[in-house]
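Here are my notes on the model you sent round. They are set out as numbered points, to be read with the structure open.

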Amino acid sequence: MHRYNWLDEYLVEKPGVTRDYKLEWEWLRYHVGGKMFAAVMHPSEQYDAAYADKDIINLKCDPMFAELLRKEHTEIMPAFYMDKRTWISADLGGGLSDELLKKLCDDSYRLVFEKLTKKLQKEITEEAHAR
């Protein structure tokens, strides 16, 4: 994951983002409004071999865009341990460009943010502008 050292900072700089570490899953999770929009993990071989020993990030994704991404990029797979229709896993050890990964992170954040209540969206936006 060394190539993506910027990733944690990029995610936590988004308005209203919190992060935690789920010890029993070994996931570093990113939330907005209490809803997860990203998770970084390193599944072991005891799980699905397609994900074993890879640094991956799970991101929310539009289902049609997710299909297109999987066809165009071998580093993008159906999500590990999430709804494989609306989430993707990106192999951080692959050759994804920083620009594409940032776009995928931005899209995931936006998709989750848009599902929050209007009140919560307003609170997050106002807090971000107050900084």
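1. Which residues in α3 meet which residues in α4? The model is a predicted one, and in it Tyr109, Phe113, Glu114 and Lys115 are the α3 residues concerned, while α4 brings Gln121, Ile124 and Thr125. Sorted by class, this contact of α3 with α4 comprises 3 nonpolar, 2 polar and 2 charged residues.

2. The geometry of that pair comes next. Helix α3 covers residues 98-115 and helix α4 covers residues 118-130. Their axes are 8 Å apart, and the packing angle is about 125°. An angle of 65 to 115 degrees would count as roughly perpendicular and one over 145 as roughly antiparallel, so α3 is oblique to α4.

3. On the pocket: the largest one has a volume of about 190 Å³. Its lining includes the run Glu24, Trp25, Glu26 and Trp27. Met41, His42, Pro43, Ser44 and Tyr47 also line the largest pocket, as do Phe80 and Tyr81. By class, that lining has 7 nonpolar, 2 polar and 2 charged residues.

4. Is His31 buried or exposed? His31 has a relative accessible area of 9%, and buried means under 20%, so His31 counts as buried. This residue sits in strand β2, which runs over residues 27-32.

5. The surroundings of His31 can be listed as well. Leaving aside residues up to four places away in sequence, His31 touches Gly16, Val17, Thr18 and Asp20, and also Met36 and Phe37.

Terms used: Residues numbered from 1 in each chain as written. Predicted model: local features only at pLDDT ≥ 70, side-chain atom pairs only at ≥ 80, totals over all residues. Heavy atoms only, no water. Axes fitted to C-alpha atoms, helices over the stretch in contact; angles between N-to-C directions. Helix = DSSP H or I, 4+ residues; strand = E, 2+ residues; numbered from the N terminus. Parallel < 35°, antiparallel > 145°, perpendicular 65-115°, else oblique. Contact = heavy atoms within 4.5 Å. Nonpolar A, V, L, I, M, F, W, Y, C, P; charged D, E, K, R; others polar. 1 Å grid on protein atoms, 1.4 Å probe; cavity = no way out; pocket = protein on both sides within 12 Å on 5 of 7 lines; lining within 4 Å. Points joined across faces, edges and corners; volume = space filled by probe spheres on them. Buried < 20%, exposed > 50% of the residue type's maximum accessible area, 1.4 Å probe, protein only.
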